[in-house]
Amino acid sequence: MATYRVVKGGGKATGTVEWSRVHCTGFSFLAVEVQPGRHARMEVTALAESGERIDHFEISRG
């Protein structure tokens, strides 16, 4: 299944996956970015099917 992810600057990087629930309508997508290390950080963004940002939160340590 063809897919994409949004990269810095708002561009799209295309790719493929063997299976994805994204093909079903009415679902949102969670994007998770993690920076490991002593001052670890995790950002979680919920996107609607339209690509609109529904929610976002960030957790950091250190």
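Let's start in the middle of the chain, where V32 stands opposite V44 in β4. That pairing belongs to a longer run of partners: strand β3, residues 29-35, is joined to β4 by seven bridges, and the two strands run antiparallel. Keep in mind as you look around that this is a predicted model.

Follow the chain from β3 into β4 and you pass through a hairpin with five residues between the strands. One residue to pick out in this hairpin is G37, which takes a positive phi near 125°.

Now zoom out for a moment. The chain has zero helices and five strands, so if you read the elements from the N terminus on, you simply get β-β-β-β-β. Of the 62 residues, 10% count as buried. The chain exposes about 5500 Å², and carbon and sulfur atoms supply 53% of that area. As for how far contacts reach along the sequence, take those between residues at least 6 apart: 5% of them join residues at least 24 apart.

Back to β4, which spans residues 41-47 and holds E43. Is E43 buried or exposed? It counts as buried, because its relative accessibility is 19% and the cut-off for buried is under 20%. Setting aside neighbours within four places in sequence, E43 is in contact with A31, V32 and E33, and also with H56, F57 and E58. V32 is the residue we began with, the one opposite V44.

E43 also brings us to the charged side chains. Side chains of opposite charge can pair when their charged atoms come close. How many salt bridges does a search of the whole structure find? It finds two. In one of them, R41 pairs with E43, and the closest N and O atoms are 2.0 Å apart. In the other, E58 pairs with R41, with the closest N and O atoms 3.0 Å apart. This second pair links distant parts of the chain: E58 sits in strand β5 (residues 53-60) and R41 in strand β4, 17 residues apart.

Put together, R41, E43 and E58 form a network of salt bridges. Their surroundings can be read from the accessible areas. R41 has a relative accessible area of 26%, so it is classed as partly exposed. E58, at 46%, is partly exposed too. E43, with its 19%, is buried.

For a last stop, move toward the N terminus, to A13 in strand β2, which covers residues 12-16. Why does A13 count as partly exposed? Its relative accessibility is 22%, and partly exposed begins where buried, under 20%, leaves off. Not counting residues up to four places away in sequence, A13 touches T3, Y4, R5 and V7. Take T3 from that list: it lies 10 residues from A13 along the chain, and the C-alpha atoms of the two are separated by 8.6 Å.

Conventions. Residues are numbered from 1 along each chain as its sequence is written. This is a predicted model: local features need pLDDT of at least 70, side-chain atom pairs count only at pLDDT 80 or more; totals for chains, interfaces and linings use all residues. Side-chain values use heavy atoms; hydrogens and water are left out. Helices (H or I, at least four residues) and strands (E, at least two) are DSSP runs, numbered from the N terminus. Buried means under 20% relative accessible area, exposed over 50%, partly exposed in between (1.4 Å probe, protein chains only). Contact means heavy atoms within 4.5 Å. A salt bridge is a side-chain nitrogen of Lys or Arg within 4 Å of a carboxyl oxygen of Asp or Glu. Two strands pair if DSSP finds at least two bridges between them. Accessible areas come from the Shrake-Rupley method with a 1.4 Å probe; for residues, only the protein chains shown count as cover.
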